[in-house]
Amino acid sequence: MESVKAVLDRVHTFLDENSASIVVDADTGKVIADPEAIKGNIALGDGNFHITGYEWGVTYAGMLLASEATGEPYYADYTNTRLKLIADIAANHDADNLRRSPIRSVLSPDSLDDSGSLAAAMIKAKMNGLDAPVEPLISNFLEYISEEQFRLDDGTLARNRPQDNTLWLDDLFMSVPALAQMGHYSGERRYFDDAVKQIEQFSERMFNEDKGLYMHGWVQGMEDHPEFYWGRANGWAVMAMVELLEVLPEDHPGYAGVLDQLKAHIRGLVKYQDGTGLWHQLLDRNDTYLETSATAIFAYSMARAINRGYIDRKAYSPAVLLAWNAVATQVNEAGQVEGTCVGTGMGFDPAFYYYRPVHLYAAHGYGPVLLAGAEVILLLKNNEFEINDSSLQLKE
């Protein structure tokens with residue numbers, strides 16, 4: 001556990017030093033300390049990362065979980081400081097200057113990427129004691145997801161790019177955790193119903209039962225559907241199911257189906273884990289590079305599923321610990337996460353995925369590493385392991 005926490009601490013330090021926590025006057029650079037003075041031409045303080053968007057929703061959730069797992073308040077402080085900053089800007093922003101606002105995507109979301117991950121993190125933070133006026137932002141995000149985002153005729157969340165009526169597997173995570181958390185937070189069943197519907201209808205179209213993997217994209221107007229099993233998108237899908245089951249009432253008619261789908265997906269994923277512990281960029285193509293963010297998401301999701309009793313801990317714990325050890329090798333001494341694929345659209349040829357770059361500042365890797373490490377600490381707290389004939393085994 002100490003070695004896991006050391007990795008999390010390095011990531012925390014790097015992110016704390018490289019993501020904004022103050023707002024400044026954009027013309028003078030002077031720090032604006034009074035929330036009620038956040039008006040006019042403003043900007044976030046220096047930082048190499050944005051503090052909005054789906055990547056940062058994952059990071060905020062990861063910091064909260066790290067605080068829970070380790071007992072260290074500074075992880076949660078990272079999240080609470082930045083969510084309060086966002087809420088203060090939102091409460092005092094100049095409506096006439098919306099296009100220049102550093103949090104425009106929060107004030108006026110126009111995609112699931114803008115909405116779902118941040119909404120879920122805000123709800124988690126609020127339920128964890130965040131003292132900031134985030135409720136209007138949460139409501140705004142959920143209104144966008146429920147009422148404004150484009151959908152197919154059967155209600156499946158979709159986009160009109162790169163082709164009309166396209167399903168992006170990524171959108172399970174960009175919607176389902178927020179719907180699930182809102183159902184839990186508000187007590188309104190309709191959010192649970194929509195979340196379950198998304199899992200069911202995406203899976204009907206996009207899950208390959210023989211492989212146990214999801215294709216990245218599905219286009220309604222295609223006669224044939226090219227199947228590229230992109231790693232991180234499969235990560236978003238498995239994490240969405242884990243997060244839904246955590247708050248979905250067990251008597252909900254969709255509970256058993258979501259649980260069965262999660263088990264089927266995890267059975268598929270473990271078949272493709274590389275001997276290094278990492279997974280490949282395209283999961284079923286071993287000549288694609290080994291990728292960190294997907295591996296971290298799989299490690300988190302499987303550890304969470306074990307800790308919640310969804311899957312067999314004897315069968316899957318060794319794969320989780322192998323995955324975490326592999327992820328840990330990708331966090332350098334500066335706390336930077338190496339080997340993470342940059343933001344990725346959708347392609348229908350293999351070269352698109354084979355040659356996507358990796359980058360130290362691909363924000364997609366940081367939240368998953370925090371989540372994975374925190375959940376592995378909880379796994380280690382609750383179980384004992386031993387080496388039996390050179391293999392790692394759960395100890396009874």
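In this predicted model, the loop between β9 (384–388) and β10 (391–395) holds Ser390. Although Ser390 is not a glycine, its phi is positive, at about 75°. The side of the model on which this residue falls is easy to state: Ser390 counts as exposed because its relative accessibility is 72%, over the 50% cut-off.

A second residue with this kind of backbone geometry is found in the loop between α6 and β3, where Asn165 is placed. Asn165 is again a residue other than glycine, and its phi is positive, near 55°. With a relative accessibility of 23%, Asn165 counts as partly exposed, because that value falls between the 20% and 50% limits. The loop between α6 (135–148) and β3 (166–168) also contains Pro162. The peptide bond that joins Arg161 to Pro162 is cis, with omega at about -5°.

Turning to helix packing, two packed helices are described by the angle between their axes and the distance between the axes. Helix α7 (residues 176–186) and helix α8 (residues 189–206) have axes 8 Å apart and pack at an angle of about 155°. The two helices are therefore roughly antiparallel, as the angle is over 145 degrees. Their crossing is left-handed. On the α7 side, the contact involves Val176, Leu179, Ala180, Met182, Gly183, His184 and Ser186, and these meet Tyr191, Phe192, Asp194, Ala195, Gln198 and Ile199 of α8. By residue class, the contact of α7 with α8 comprises eight nonpolar, four polar and one charged.

Two residues of this helix pair merit a closer look. Ile199 belongs to helix α8 and is buried, with a relative accessible area of 2%. Beyond its neighbours within four places in sequence, Ile199 is in contact with Leu172, Val176, Met241, Leu244 and Val258. Ile199 is also 9.5 Å from Gly254, C-alpha to C-alpha, with their positions 55 residues apart in sequence. Gln181, in turn, is part of helix α7. At 7% relative accessibility, Gln181 counts as buried, because the value is under 20%. Once residues up to four places away in sequence are set aside, Gln181 touches Ala120, Ile123, Lys124 and Val247.

The pairing of helix α2 (residues 54–70) with helix α14 (residues 366–382) has axes that come within 8 Å and cross at roughly 25°. That angle is under 35 degrees, so α2 is roughly parallel to α14. The contact is formed on the α2 side by Val58, Thr59, Ala61, Gly62, Met63, Leu65, Ala66, Glu68, Ala69 and Thr70, and on the α14 side by Tyr366, Gly367, Pro368, Leu370, Leu371, Ala374, Glu375, Ile377, Leu378 and Lys381. In terms of class, the contact of α2 with α14 consists of 13 nonpolar, four polar and three charged residues. As α2 passes α14, the crossing is left-handed.

Val331 provides an example of a buried loop position. Val331 sits in the loop between α12 (313–329) and α13 (350–354), and a relative accessibility of 5% makes this residue count as buried. Its contacts, leaving aside neighbours within four places in sequence, are with Val7, Arg10, Val11, Gln336, Val337 and Val369. The C-alpha atom of Val331 is also 9.2 Å from that of Leu8, even though 323 residues separate the two along the chain.

The nonpolar interior can be considered last. In soluble globular proteins, nonpolar side chains tend to be buried together. In the model, the largest nonpolar core has 136 residues, and those touching the most other members are Leu15, Tyr60, Ile86, Leu142, Leu244, Leu262 and Trp324. Helix α9 (residues 231–247) gives the most to this core, contributing 11 residues. For Ile86, the residues touched, not counting those up to four places away in sequence, are Ile51, Thr52, Tyr60, Ile103, Val106, Met122 and Leu137. Leu244, named among the core residues that touch the most other members, is also one of the contacts of Ile199 in the set described above.

How values were computed: Residues numbered from 1 in each chain as written. Predicted model: local features only at pLDDT ≥ 70, side-chain atom pairs only at ≥ 80, totals over all residues. Heavy atoms only, no water. Helix = DSSP H or I, 4+ residues; strand = E, 2+ residues; numbered from the N terminus. Buried < 20%, exposed > 50% of the residue type's maximum accessible area, 1.4 Å probe, protein only. Contact = heavy atoms within 4.5 Å. Core = buried A, V, L, I, M, F, W, Y, C linked by side-chain atoms within 4.5 Å. Axes fitted to C-alpha atoms, helices over the stretch in contact; angles between N-to-C directions. Parallel < 35°, antiparallel > 145°, perpendicular 65-115°, else oblique. Left-handed = near helix turned anticlockwise from the far one by under 90°. Nonpolar A, V, L, I, M, F, W, Y, C, P; charged D, E, K, R; others polar.
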